[in-house]
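Subject: Structure for you to look at

Hello,

Please find the structure below, with notes on what turned up in it. Keep it open while you read, as the notes go from place to place.

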Amino acid sequence: MSDAATDIDDLIALMARLPGLGPRSARRAVLHLVKKRSILMKPLAEQMGRVAATARECTLCGNISGTELCAICASEARANGELCVVEDVSDLWAMERSGIFKGRYHVLGGTLSALDAVGPDELRIPRLVARLAPEGVREVILALGATVDGQTTAHYIAEQIEPHGIELTSLAQGVPIGGELDYLDDGTITAALNARRAF
Amino acid sequence: MSGGLALTELRLSHFRSHRAAQVMLDGRPVAIHGPNGAGKTNLLEAVSLLSPGRGLRRAAAEDLARLPEALGWRIAATLRAGARHHEIELRAEPGQSRTVRIDDKAAPQLALGRLARILWLVPSMDRLWTEAAEGRRRFLDRLALSFEPAHGEAVLGYEKAMRERNRLLRDQQRDPAWYRALEGQMARSGALIERRRRDALERIGRAQEGAATQFPVALLSMSQEDLGEEGLGVLLERERGRDMAAGRSLRGPHRADLVAIYGSKDMPAAQSSTGEQKALLISLILANARALRADLGAAPILLLDEVAAHLDARRRAALYDEICALGSQAWMTGTEPDLFEGLGARGQHVTMDADGGMRQEG
């Protein structure tokens with residue numbers, strides 16, 4: 001027999017392991033769920049069960065999907081010759097939210113890090129190179145973080161792609177929309193100035 | 001009082017030996033005296049933490065908490081920079097890293113460098129010219145950082161890429177593209193580091209030329225020539241085999257050394273007497289402060305721990321005169337009040353007791 005109070009404590013402990021939640025916010029979330037058992041907690045539990053049973057990595061790009069190929073890779077309309085390389089699925093989702101990119105993605109699953117034993121093979125880099133010719137890729141867009149690891153990974157990928165004669169681009173770095181110059185660091189201002197364009 | 005860079009208030013809570021401490025300041029130099037173990041250096045360390053890095057003792061956050069409580073610690077300061085005042089708060093809860101807030105907003109540590117320029121001289125630096133090169137490189141990088149806050153980012157970037165490369169070397173990895181990607185990053189950051197170090201030495205040199213000072217001129221230079229981005233990239237690629245045998249990167253800006261000559265005697269600093277070596281260090285800190293004042297229009301905050309005890313009365317008086325002429329809020333410590341007699345009403349005096357009690361005069 002399980003004790004309801006112990007179950008709730010266990011649920012709080014599990015919730016507290018989620019990113020962005022601590023013990024305090026986990027307690028609030030669980031209390032909210034318990035209060036709305038029928039209209040929120042049960043549907044949430046059922047939906048989580050379904051996703052847990054079906055979620056998998058897209059075999060082509062590494063996106064999270066319910067099928068072998070994600071909706072983006074399955075769509076012929078997205079095969080426009082542009083391939084955007086991102087570190088993580090959350091970056092893919094961020095790009096998709098913008099609605100501006102109409103090509104396909106390749107999710108690396110992280111960045112190169114010898115210290116963390118993450119090498120090219122762990123990052124689906126060979127799979128990225130293998131996709132170029134069959135999918136008729138014309139341009140690879142590197143959308144990686146402006147960190148040491150992100151830029152090391154970008155340079156590594158660039159060297160792998162260079163022999164294929166494919167156009168290689170990276171996202172611009174500079175002033176964010178709605179940003180004020182006064183709040184930018186020197187590196188960002190330098191990047192923005194170097195990448196200035198005709199008005 | 002001058003409107004330059006100065007702390008106008010410092011509050012400590014459970015920091016090192018201080019359960020709770022507060023000092024109100026007006027920008028004049030601060031002379032702190034009291035017996036050994038009263039917590040004088042702890043006050044200076046708290047101020048040093050208002051600049052990027054781990055402060056003048058290079059301590060980890062967990063080592064800063066008052067014992068035996070180990071409740072975590074807090075430093076709150078009001079910094080006057082020209083006509084503006086900034087509230088800075090540093091704190092760390094037990095087991096967690098330190099957090100920085102500037103004007104009630106969370107900020108990265110590096111943001112402190114753009115706000116507060118703080119230079120220090122502590123007794124452990126007395127061996128700077130005779131100890132291993134690492135200490136001199138750190139000293140040099142602090143000089144460069146004082147002129148260019150972005151220097152810290154270049155150093156961190158270089159060290160991160162080098163640690164990654166060293167791991168590849170130790171693991172006998174042979175993927176040349178991975179090495180080239182890392183070496184490219186090291187070359188870019190390394191060239192910036194070389195340039196800013198050289199630039200800092202030139203500024204210090206200019207600040208020493210013709211300065212009205214009682215302290216000896218130190219002629220500074222680098223032990224190795226600048227290679228620039230391309231040269232560093234070539235060097236790292238060429239040395240890869242040797243580096244792999246050693247399991248680490250043997251050459252690059254991380255191996256550079258700072259060479260100092262006692263100007264008037266044309267003698268290496270390492271061969272000068274202990275007193276002369278100390279005088280050279282004071283001379284460099286003062287030159288750094290003069291150069292910064294010329295650049296920024298305000299002298300940096302100086303932290304001079306146990307500096308007065310090593311100087312004879314003539315040099316002590318000269319030091320106080322030069323600090324006052326600079327308009328710097330210099331924090332100085334000493335065991336006896338007599339050491340600061342020459343400063344007089346030009347400074348604020350703080351007396352500390354053996355039990356940590358604090359009294360402000362003037």
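B:Pro68 sits in the loop of chain B that runs between α1 (40–48) and β4 (73–81). The peptide bond that joins B:Leu67 to B:Pro68 is cis, with an omega of about 5°. A second backbone detail is in chain A, where A:Ala117 has a positive phi of about 60° although this residue is not a glycine. A:Ala117 is placed in the loop between β4 (104–107) and α6 (125–132) of chain A. Both details are worth noting because most residues other than glycine have a negative phi, and most peptide bonds are trans. Please keep in mind that this is a predicted model.

The chains

Chain A has 8 helices and 6 strands. Read from the N terminus, the order of its elements is α-α-α-β-β-α-β-α-β-α-β-α-β-α. How does the radius of gyration of chain A compare with what the globule rule gives for 199 residues? The radius of gyration is 21 Å and the rule gives 16 Å, so chain A is more spread out than a compact globule. Along the principal axes, the C-alpha atoms of chain A fill a box of roughly 65 × 45 × 35 Å.

Chain B has 9 helices and 15 strands. For its 362 residues, a compact globule would have a radius of gyration near 21 Å, and the 21 Å of chain B agrees with that. The box filled by the C-alpha atoms of chain B is roughly 65 × 50 × 35 Å, again taken along the principal axes.

What UniProt lists

The following annotations come from unreviewed UniProt entries.

- In chain A, UniProt gives "zinc finger region: C4-type" for residues 58–73. In the model this span is 19% helix and 12% strand, and its end C-alpha atoms lie 8 Å apart.
- Also in chain A, UniProt gives "domain: Toprim" for residues 81–176. This span is 33% helix and 19% strand, with its end C-alpha atoms 28 Å apart.
- In chain B, UniProt gives "domain: AAA+ ATPase" for residues 26–356. Here the span is 42% helix and 18% strand, and the end C-alpha atoms lie 22 Å apart.

Salt bridges

Over all chains, a search of the whole structure finds 35 salt bridges. One of them, within chain A, pairs A:Arg124 with A:Glu57, whose closest N and O atoms are 2.8 Å apart. A:Arg124 is in the loop between β4 and α6 of chain A, while A:Glu57 is in strand β1 (residues 56–57), so the pair ties together parts that are 67 residues apart in sequence.

Where the chains meet

The size of an interface is often given as the accessible area lost when the parts come together. How much area do chain B and chain A bury between them? The figure is about 1500 Å², with 57% of it on carbon and sulfur atoms. On the chain B side, B:Glu164, B:Trp178 and B:Gln185 supply 34% of the area buried against chain A, more than any other three residues. The contact involves 18 residues from chain B and 18 residues from chain A.

How many salt bridges cross the interface of chain B and chain A? There are 2. In the salt bridge between B:Arg180 and A:Glu159, the closest N and O atoms are 2.2 Å apart. The count of residue pairs in polar contact between chain B and chain A is 8. On the side of chain B that touches chain A, α4 (151–170) and α5 (176–208) each supply at least two residues. The residues of that side divide into 7 nonpolar, 2 polar and 9 charged.

A good place to start is the interface, with B:Arg180 and A:Glu159 shown as a salt bridge.

Regards

Note on methods:
Residues numbered from 1 in each chain as written. Chains lettered and ligands numbered in written order. Predicted model: local features only at pLDDT ≥ 70, side-chain atom pairs only at ≥ 80, totals over all residues. Heavy atoms only, no water. Contact = heavy atoms within 4.5 Å. Buried area = accessible area lost by both parts, 1.4 Å probe. Salt bridge = Lys/Arg side-chain N within 4 Å of Asp/Glu carboxyl O. Polar contact = N/O pair within 3.5 Å; in protein donor to acceptor, adjacent residues only side chain to side chain. Helix = DSSP H or I, 4+ residues; strand = E, 2+ residues; numbered from the N terminus. Nonpolar A, V, L, I, M, F, W, Y, C, P; charged D, E, K, R; others polar. UniProt positions renumbered as here; feature names shortened; annotations may be inferred. Rg over C-alpha atoms; globule rule 2.2 N^0.38 Å.
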